[in-house]
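Subject: Structure for you to look over

Dear colleague,

Here is the structure I said I would pass on, together with some notes on what came out of going through it. Please open it beside this message as you read.

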Amino acid sequence: MAPMTDSDTRALVRLEADDEADAEEFDLLARRLRAELGELDVDVLPVPAELPPGAKAADPVTIGSLMVAFSAAGGVFPGLVETLREWLGRQAGKHKIKVTIDGDTVELERATTDERRQLIEAFVRRHAQPG
């Protein structure tokens, strides 16, 4: 992808692992998600962690958070959301992914196919077109 510009759309993608996942599993899930998003025509950037003095590791929310930048004009957003949905469907746990653009958040989780489709279509309509 071309270098990120001010005109790119930025989405905060936050993975929330189910309660059964330990820190090691959560880190592995976050790495897998990052790798899969890296195959799309997007820039995947870590969300900088501000660690308190004396802290040795980032908290799980920061580890599972990514900033994804893409050109709104390129039609990439629907593919991004579909990739996230498909990734969730392949996972064993009941994980969630929250996608936030301009303060508007959609939560993707295991729901019926029809429920997911309706939710995703509404969110994509709001953010796929510039303006």
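A word on terms before the notes: a residue is called buried when its relative accessible area is under 20% and exposed when that area is over 50%, with partly exposed in between. Please also keep in mind that this is a predicted model.

Overall layout

The protein chain has four helices and five strands, and, read from the N terminus, these elements follow the order β-α-β-α-β-α-β-β-α. Of the 131 residues in the chain, 34% are buried. When contacts between residues at least 6 apart in sequence are taken together, 62% of them join residues that are at least 24 apart.

Helix α1

With the meaning of buried and exposed in hand, α1 can be read by its two sides: F26, L29, A30, L33 and L37 are its buried residues, and they sit on the same side of the helix because they cover an arc of only 100° around the axis. On the face turned away from that buried side, α1 carries the exposed residues E24 and R31. The helix comprises residues 23-38, and its length agrees with expectation, since 16 residues at 1.5 Å a residue should span 22 Å and the end C-alpha atoms are 22 Å apart. At the start of α1, the backbone nitrogen of E24 has a side-chain oxygen of D22 within 3.2 Å.

Helix α3 and the core

The buried residues of α3 are V76, F77, L80, V81, T83, L84, W87 and L88; they line one face of the helix, because their directions, seen down the axis, fall within an arc of 155°. The 15 residues of α3 should span 21 Å at 1.5 Å a residue, and the end C-alpha atoms are indeed 21 Å apart.

The largest nonpolar core has 28 residues, and F70, L84, I97 and V99 are those with the most contacts inside it. The elements that give it two or more residues are β1, α1, β3, α3, β4, β5 and α4, and of these α3 gives the most, with seven residues.

L84, which is found in α3, is a good place to look at this core in detail. Its relative accessibility is 0%, so L84 counts as buried. Leaving aside residues up to four places away in sequence, L84 touches V13, L33, L37, I97, V99 and L108, and two of these contacts, L33 and L37, are also on the list of buried residues of α1. L84 and K98 are 14 residues apart in sequence, while their C-alpha atoms are 9.7 Å apart in space.

The structure also holds one aromatic pair. The ring centres of F70 and F77 are 5.6 Å apart and the ring planes are at 20°, so the pair is stacked. Both partners are buried, F70 with a relative accessible area of 0% and F77 at 2% relative accessibility.

Around H95

H95 is found in the loop between α3 and β4. Is H95 buried or exposed? With a relative accessible area of 2%, H95 is buried, because that value is under 20%. The side chain of H95 reaches the backbone nitrogen of D18 at 3.0 Å, and, not counting residues up to four places away in sequence, H95 touches L15, E16, A17, D18, L29, L88, L108 and E109.

D19 makes a useful contrast in accessibility: this residue lies in the loop between β1 and α1, and with a relative accessible area of 79% it is exposed. D19 and H95 are 76 residues apart in sequence, yet their C-alpha atoms are 8.7 Å apart in space.

A backbone angle to check

Most residues other than glycine have a negative phi. D102, although it is not a glycine, has a positive phi of about 50°. This residue sits in the loop between β4 and β5, and D102 is exposed, with a relative accessible area of 77%.

With best wishes

Note on methods: Residues numbered from 1 in each chain as written. Predicted model: local features only at pLDDT ≥ 70, side-chain atom pairs only at ≥ 80, totals over all residues. Heavy atoms only, no water. Buried < 20%, exposed > 50% of the residue type's maximum accessible area, 1.4 Å probe, protein only. Polar contact = N/O pair within 3.5 Å; in protein donor to acceptor, adjacent residues only side chain to side chain. Contact = heavy atoms within 4.5 Å. Phe/Tyr/Trp six-rings, centres within 6.5 Å; stacked < 30°, edge-to-face > 60°. Expected span 1.5 Å × (residues − 1). Arc of directions from axis to C-beta. Core = buried A, V, L, I, M, F, W, Y, C linked by side-chain atoms within 4.5 Å.
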